[in-house]
Amino acid sequence: NIVIHRKEIIGIFDIENTSTGKITKDFLKRAEKNKEVINVSYKMPKSYIVCKLSDDRQIVYISNISAATLKKRALGNEDSRVEYFEFKKKRNISLY
């Protein structure tokens with residue numbers, strides 16, 4: 001399980017609408033190359049969450065939950081946790 005805290009979130013993005021631009025593609029490719037991408041679902045990805053951890057590392061979580069739903073949960077959550085992601089083993093998927 002992974003818990004993302006609000007203070008760590010830089011942004012929550014819709015994959016379909018944001019991964020087509022050159023700058024975003026380059027960013028995601030670099031994150032993948034640097035092993036900063038964690039796929040948290042075996043289902044079709046719908047969003048990605050860019051986080052800066054307390055040790056200043058950057059992580060990109062790929063989620064099957066829509067960006068709109070994650071944003072609602074982040075705004076409505078009284079504690080600072082946004083989402084639990086369950087996954088049993090790493091699965092590499094390409095965003096391109």
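How many bridges join β3 to β5, and do these strands run parallel or antiparallel? Three bridges join them, and the two strands run parallel. The views below take a walk around this predicted model.

**View 1. The pairing of β3 with β5.** Here we look at the parallel pair formed by β3 and β5. To find your bearings, start from I38: its bridge partner in β5 is Y61. Helix α3, residues 67-76, packs on the sheet and touches β2, β4 and β5. The direction of α3 makes about 145 degrees with that of β2.

**View 2. The open sheet of four strands.** Reading across the sheet, the order is β2-β4-β5-β3, and the pairing is mixed. Strands β2 and β3 (37-39) stand at the edges, each with a single partner strand, so one side of each has no neighbour in the sheet. On average, neighbouring strands are turned by 20 degrees against each other, direction ignored. Helix α2, residues 22-33, lies across β3, β4 and β5 and runs at about 105 degrees to β5.

**View 3. Strand β4 and its two partners.** Strand β4 spans residues 47-52, and five of its six residues are buried, so the rest of the structure largely encloses this strand. With β2 (residues 9-14), β4 runs antiparallel through five bridges; a handy landmark is D14, which stands opposite S47 of β4. With β5 (residues 58-63), β4 is again antiparallel, this time through six bridges, and C51 stands opposite I59 of β5. The hairpin of β4 and β5 has five residues between the strands, and D56 in this hairpin takes a positive phi near 70 degrees.

**View 4. The largest nonpolar core.** This core has 12 residues in all: I2, I4, I12, V40, I49, C51, L53, I59, Y61, I65, A67 and L70. At least two of its residues come from each of β1 (2-5), β4, β5 and α3. Another core, of nine residues, lies apart from it; I15, F27, Y48 and V50 are among its members.

**View 5. The two sides of helix α3.** Which residues of α3 are buried? They include A67, L70 and A74. These three cover an arc of only 65 degrees around the axis, which puts them on the same side of α3. Turn to the other side of α3 and you meet K72, L75 and G76, which are exposed. Two of the buried residues will be familiar from the previous view, since A67 and L70 also belong to the largest nonpolar core.

**View 6. The aromatic pair of F13 and Y48.** The structure holds one aromatic pair. The ring centres of F13 and Y48 are 5.1 Å apart and the planes lie at 25 degrees, so the pair is stacked; the cut-off for stacking is under 30 degrees. F13 belongs to strand β2 and Y48 to strand β4, so the pair ties together parts that are 35 residues apart in sequence. Are the two partners buried or partly exposed? F13 counts as partly exposed, at 30% relative accessibility, whereas Y48 is buried, with a relative accessible area of 3%. Y48 is also one of the residues of the nine-residue core.

Technical notes: Residues are numbered from 1 along each chain as its sequence is written. This is a predicted model: local features need pLDDT of at least 70, side-chain atom pairs count only at pLDDT 80 or more; totals for chains, interfaces and linings use all residues. Side-chain values use heavy atoms; hydrogens and water are left out. Buried means under 20% relative accessible area, exposed over 50%, partly exposed in between (1.4 Å probe, protein chains only). Two strands pair if DSSP finds at least two bridges between them. Axes are lines fitted to C-alpha atoms, for helices over the stretch in contact, and angles run from 0 to 180 degrees between N-to-C directions. Contact means heavy atoms within 4.5 Å. A nonpolar core is a set of buried Ala, Val, Leu, Ile, Met, Phe, Trp, Tyr and Cys residues joined through side-chain atoms within 4.5 Å. The arc is that of the directions from the helix axis to the C-beta atoms. Rings of Phe, Tyr and Trp (its six-membered ring) pair if their centres lie within 6.5 Å; planes under 30 degrees apart count as stacked, over 60 as edge-to-face and the rest as tilted.
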